[in-house]
Amino acid sequence: MSQEAVNPKAYPLADAQLTLSILEIIQQAANYKQLKKGANEATKTLNRGISEFVVMAADTEPLEILLHLPLLAEDKNVPYVFVPSKQALGRACYTMLSYTHFSV
């Protein structure tokens with residue numbers, strides 16, 4: 001997906017090299033059962049203070065369903081980033097589904 005087609009509200013957006021690194025970390029976290037998938041689980045981990053970082057998909061439609069997470073992450077001093085593809089996020093955690101939020 002090109003950078004121009006991504007919603008401008010999805011900031012900060014990872015570049016291609018950072019996206020690959022993030023997807024590798026997500027695969028490792030999935031292997032060690034340290035990955036929380038979905039908006040509800042990500043919100044719970046942020047509120048409980050057990051989240052190390054949050055990854056969100058920039059091609060989520062509508063994007064507003066996940067825009068509460070950056071605010072919560074900034075409030076809890078947890079780093080967050082958007083990656084261009086939700087399908088790549090789903091493949092990184094070995095599922096057929098395309099997830100839009102992850103908390104590690």
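## Close-up views of a predicted model

**Figure 1. Pairing of strands E1 and E4.** Lys36 has Ser103 of E4 as its bridge partner. Helix H2, which spans residues 39-48, packs on the sheet and touches E1, E2 and E4. The direction of H2 makes about 30 degrees with that of E4. Strand E4 comprises residues 101-103, and its pairing with E1 is antiparallel, with two bridges. The coordinates shown in this and the following views belong to a predicted model.

**Figure 2. The open sheet and its edges.** The sheet is open and consists of four strands in the order E1-E4-E2-E3, with mixed pairing. At its edges stand E3 and strand E1 (36-37). Each of these two has a single partner strand, so one side of each is left without a neighbour in the sheet. Helix H3 lies across E2, E3 and E4 and runs at about 155 degrees to E3.

**Figure 3. The parallel pair E2 and E3.** Strands E2 and E3 run parallel and are joined by four bridges. Between them the chain passes through H3, and the resulting β-α-β crossover is right-handed. One of the bridge pairs places Val54 opposite Tyr80, its partner in E3. Along E3, the side chains alternate in direction: Tyr80 and Phe82 point one way, whereas Val81 and Val83 point the other way. These four residues are all buried.

**Figure 4. Surroundings of Tyr80.** Tyr80 belongs to strand E3, residues 80-83. Which residues does Tyr80 touch, not counting residues up to four places away in sequence? The contacts are Tyr11, Pro12, Val54, Met56, Pro70, Ala73 and Glu74. With Glu74 there is also a polar contact between the two side chains, at 2.7 Å. Tyr11 and Tyr80 are 69 residues apart along the chain, and their C-alpha atoms are separated by 9.4 Å. Because its relative accessible area is 19%, under the 20% limit, Tyr80 counts as buried.

**Figure 5. Thr60 in the loop between E2 and H3.** Thr60 is placed in the loop that connects strand E2 (54-57) with helix H3 (68-75). Is Thr60 buried or exposed? With a relative accessible area of 2%, Thr60 is buried. A polar atom of the Thr60 side chain lies 2.9 Å from the backbone oxygen of Ala57. Apart from residues up to four places away in sequence, Thr60 touches Ile65, Leu66 and Thr100. The loop between E2 and H3 also holds Pro62, and the peptide bond that joins Glu61 to Pro62 is cis, with omega about -10 degrees.

**Figure 6. Helix H1 and the segment before it.** Thr19 is a residue of helix H1, which covers residues 16-31. The relative accessible area of Thr19 is 12%, and this residue is therefore buried. Thr19 is in contact with Ala14, Val83 and Pro84 when neighbours within four places in sequence are left aside. Val83 is among the buried residues of E3. Pro12 is located in the segment before H1. The peptide bond leading from Tyr11 to Pro12 is cis, with omega near 0 degrees. Both Tyr11 and Pro12 are among the residues that Tyr80 touches.

**Figure 7. Lys33 and Asn77, two loop residues with positive phi.** Where is Lys33 found? Lys33 is in the loop between H1 and E1. Although Lys33 is a residue other than glycine, its phi is positive, near 60 degrees. Lys33 counts as exposed, at 70% relative accessibility. Asn77 is found in the loop between H3 and E3. Asn77, which is not a glycine, has a positive phi of about 60 degrees. The relative accessible area of Asn77 is 69%, and Asn77 is exposed.

**Figure 8. The annotated span.** An unreviewed UniProt entry places the feature "domain: Ribosomal protein eL8/eL30/eS12/Gadd45" at residues 22-94. In the model, the end C-alpha atoms of residues 22-94 lie 15 Å apart. Helix accounts for 48% of this span and strand for 14%.

Terms used:
Residues are numbered from 1 along each chain as its sequence is written. This is a predicted model: local features need pLDDT of at least 70, side-chain atom pairs count only at pLDDT 80 or more; totals for chains, interfaces and linings use all residues. Side-chain values use heavy atoms; hydrogens and water are left out. UniProt positions are given in the numbering used here, feature names are shortened, and annotations may be inferred rather than shown by experiment. Buried means under 20% relative accessible area, exposed over 50%, partly exposed in between (1.4 Å probe, protein chains only). Contact means heavy atoms within 4.5 Å. A polar contact is a pair of N or O atoms within 3.5 Å; within protein, one must be able to donate a hydrogen and the other to accept it, and residues adjacent in sequence count only if both atoms are side-chain atoms. Two strands pair if DSSP finds at least two bridges between them. A crossover is right-handed if, with the strands pointing away from the viewer, the path from the first strand over the helix to the second runs clockwise. Axes are lines fitted to C-alpha atoms, for helices over the stretch in contact, and angles run from 0 to 180 degrees between N-to-C directions.
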